[in-house]
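I open this notebook to record what I looked up, entry by entry. The topics are the division of the chain, the contact between its parts, and the cysteines.

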Amino acid sequence: MNSVLKELQSLQPAEHDAGEIFSGKKSNRKVRGFMAPCSFTPDLNPEYLFHDSSRDAVVWFMESSDPLYVFGPAGSGKTSLIKQLAAKLNYPVFDITGHGRLEFPDMVGHLTVEDSNMTFQYGPLALAMKFGGLFLLNEIDLLDPATAAGLNGILDGDPLCIPENGGEVIKPHPLFRFAATANTNGGTDETGLYQGTLRQNLAFMDRFWLCEIGYPSPKAEQELLHRKAPGLPKDVRTKMVDYANEVRKLFMGEADGNFRDTIEVTFSTRTLIRWADLTVRFQPLARQGIQPVTYALDRALGYRATPETRTVLHELAQRIFPQETKE
């Protein structure tokens, strides 16, 4: 733990040109970050797709006045968005995933025995506040509302008091940021898609700047598949994106036609890329009469579904890939 603290103490704040960082074009608008990455800084993915709605998160990073609450459907890339923006600014990210039994000390820290001595081990929230960094609370709508309300003071910019560490008071570092992700907007889940989500306290939610994230546009995902799986014909890549969006509609209960029931799995961009990659790798199976597209589909997504949903996925594949699925 001492090595971690030493690394964080050595972080050097820096000002970056916002245009160069986020769009590659100089803008003379400044955004604060750090001079160099550290072990807590996410790896930058040069092929990450930034959604149109990511502009809200960019503006938030440039001048944060309130904590950020990012919500949207499963697989839309909420956590990845925050981490990739942080990576561009060399921001350390201290994240934790919410659940019904998560308690405040899990975020702040706890006493532990180290080298026969009782010492305090800082949690992700305390580290972000003390040294400057982004505290990322994923799945915040799974958090017990009473536990979430305990964060109200932190969200308002108050210092953090740690009685277990001799009453240490941590004033928020100027570069401390608080972001949360969720599948719902904190109100409740009326769709029934997200089991375990809880309606959050209105006063708690009032402290956030809200940002809704959807799935990437078809054009963006088609361009990504072109880069990741150039060996696939263009029409197959286009159909894959179409298929992924049909599955997303089924998941959200927005499908029309013959498929009206909701399903319990959906396509993230990551799953779409995996499907394309596996389809290329399983191409030799075509000589054995096995269709690579549907064979790869099961291994990318289908085997995670119930037997009933897997049947729906295959029926949809037969409609969109009639040649590939024909016996």
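Entry 1, polar contacts between the domains. I note at the outset that this is a predicted model. I searched the interface of domain 1 and domain 2 for residue pairs in polar contact, both at pLDDT 80 or more, and the rule finds 0. I then examined the side of domain 1 that touches domain 2: its residues divide into 5 nonpolar, 2 polar and 1 charged.

Entry 2, salt bridges. Across the interface of domain 1 and domain 2, I find that the rule gives 0 salt bridges.

Entry 3, division of the chain. I looked up the bounds and found domain 1 at 3-212 and domain 2 at 218-320. The centres of the two domains, taken over C-alpha atoms, are 33 Å apart.

Entry 4, extent of the interface. How many residues of each domain are in contact with the other? I recorded 8 residues of domain 1 and 12 residues of domain 2. I also noted a buried area between domain 1 and domain 2 of about 810 Å², with 64% of it given by carbon and sulfur atoms.

Entry 5, cysteines. I looked for disulfides, and the count by the rule comes to 0. Are Cys38 and Cys211 buried or exposed? Cys38 counts as buried because its relative accessibility of 13% is under the 20% cut-off. Cys211 is likewise buried, with a relative accessible area of 0%.

Conventions:
Residues are numbered from 1 along each chain as its sequence is written. This is a predicted model: local features need pLDDT of at least 70, side-chain atom pairs count only at pLDDT 80 or more; totals for chains, interfaces and linings use all residues. Side-chain values use heavy atoms; hydrogens and water are left out. Domain bounds come from an automatic or database domain assignment. Contact means heavy atoms within 4.5 Å. Buried area is the accessible area (1.4 Å probe) that two parts lose on being put together, summed over both. A salt bridge is a side-chain nitrogen of Lys or Arg within 4 Å of a carboxyl oxygen of Asp or Glu. A polar contact is a pair of N or O atoms within 3.5 Å; within protein, one must be able to donate a hydrogen and the other to accept it, and residues adjacent in sequence count only if both atoms are side-chain atoms. Ala, Val, Leu, Ile, Met, Phe, Trp, Tyr, Cys and Pro count as nonpolar, Asp, Glu, Lys and Arg as charged, and the others, Gly among them, as polar. A disulfide is a pair of cysteine sulfur atoms within 2.5 Å. Buried means under 20% relative accessible area, exposed over 50%, partly exposed in between (1.4 Å probe, protein chains only).
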